[in-house]
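Visitor: I would like a close look at a single part of this protein, namely the sheet and the strand within it that has the most to tell us about burial. Please take me through it step by step, beginning with the overall setting.

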Amino acid sequence: MAREKTAALPRKTYEKELLRLQTELVKVQEWVRAEGARLVVVFEGRDAAGKGGTIKRVAEHLNPRVARIAALPKPTERQSTQWYFQRYVEHLPAAGEIVLFDRSWYNRAGVEHVMGFCTKQEYQRFLHQCPIFERLLVEDGILLRKYWFSVSDIEQQERFRRRLDDPLRRWKLSPMDLESITRWEAYSRAKDEMLVHTDIPEAPWYVVVSDDKRRARLNTIAHLLGTLAYRDVPPPVLELPPRPPSTGYQRPPRDLQMYVPDHAASL
């Protein structure tokens with residue numbers, strides 16, 4: 001059944017609300033740091049579903065020393081012999097930190113399973129262990145939020161086409177992405193199976209309708225804020241000190257240093 005298309009959100013409305021929500025995210029950051037909280041946000045979904053754009057807007061005004069993005073590459077030969085969750089554990093936050101997972105341990109429930117990169121035994125073991133793993137995280141005090149970005153097949157294909165035609169975004173398109181077009185139903189079944197096993201009360205899945213990227217970004221950030229009992233932490237009082245009087249320092253002559261040419265002057 002085709003998804004009903006909603007009207008595109010006006011840019012001015014989007015930008016105004018995005019700025020308001022990002023201001024609240026900065027408050028969350030300061031609360032996390034002050035309280036020593038540990039926040040993990042998992043972003044999953046189909047290729048070109050809008051995860052990366054949302055993560056970018058979440059992290060845009062945050063301190064990278066507090067909030068970092070974990071986008072793990074293909075596991076090394078050594079990592080492939082470890083307990084599956086081991087390399088993800090290394091990226092979990094310490095007190096006062098936020099980690100945004102751009103894809104996560106759920107690779108095994110999606111691309112690895114559909115593309116045959118793991119065995120059936122490894123896949124079944126993941127479905128069994130994942131809820132246990134996430135319960136352990138939550139029991140230890142980690143705030144875990146999981147978002148699945150849902151995009152229609154028509155919209156996904158259109159986004160692939162735009163990436164293919166855009167030299168600045170072509171790097172986002174890989175043979176694996178194109179393979180997802182021909183395996184649409186296989187990925188759908190894998191997602192359904194994943195939700196059955198891992199949508200648990202301690203760490204539920206939240207589905208984001210992402211055919212409209214602007215709506216998806218606002219809806220995700222607003223929902224995330226609504227799940228956190230954060231408070232406004234007053235910033236420290238800072239004052240600019242007076243500039244001290246000169247002691248006679250002089251800059252060295254310009255011809256002793258290499259300057260970047262003024263490209264802007266040629267425009």
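Guide: In this predicted model, the secondary structure comes to nine helices and five strands, and from the N terminus on the elements follow the order α-β-α-β-α-β-α-α-β-α-α-α-β-α. The C-alpha trace spans about 75 × 50 × 45 Å along its principal axes, and 39% of the 267 residues count as buried. Among contacts between residues at least 6 apart in sequence, 80% join residues at least 24 apart.

The five strands form an open sheet in the order β2-β3-β1-β4-β5, with parallel pairing. At the edges stand β2 (67–70) and β5 (205–209), each of which has a single partner strand, so one side of each is left without a neighbour in the sheet. Neighbouring strands of this sheet are turned against each other by 20 degrees on average, direction ignored.

The part to dwell on is β1, which lies between β3 and β4 in the strand order. Eight of the eight residues of β1 (residues 38–45) are buried, so this strand is largely enclosed by the rest of the structure. Its side chains can be followed in two sets: Arg38, Val40, Val42 and Glu44 point one way, while Leu39, Val41, Phe43 and Gly45 point the other way, and all of these residues are buried.

Turning to the partners of this strand, β1 pairs with β3 in the parallel sense over six bridges, and seven bridges join β1 to β4, again running parallel. Val41 serves as a useful landmark on both sides, since Val41 stands opposite Leu100 in β3 and also opposite Arg145 in β4. Following the sheet onward, β4 (residues 143–150) pairs with β5 in the parallel sense over five bridges, and there the bridge partner of Ser150 is Val209 in β5.

A contact also links β1 to a loop residue, Asn107, which has its place between β3 (97–102) and α4 (111–114). With a relative accessible area of 16%, Asn107 is buried, the cut-off for that term being under 20%. Leaving aside residues up to four places away in sequence, Asn107 touches Glu44, Tyr84, Tyr88, Glu112 and His113; of these, Glu44 belongs to the set on β1 that points the same way as Arg38, Val40 and Val42.

Key. Residues numbered from 1 in each chain as written. Predicted model: local features only at pLDDT ≥ 70, side-chain atom pairs only at ≥ 80, totals over all residues. Heavy atoms only, no water. Helix = DSSP H or I, 4+ residues; strand = E, 2+ residues; numbered from the N terminus. Buried < 20%, exposed > 50% of the residue type's maximum accessible area, 1.4 Å probe, protein only. Contact = heavy atoms within 4.5 Å. Pairing = 2+ DSSP bridges. Axes fitted to C-alpha atoms, helices over the stretch in contact; angles between N-to-C directions.
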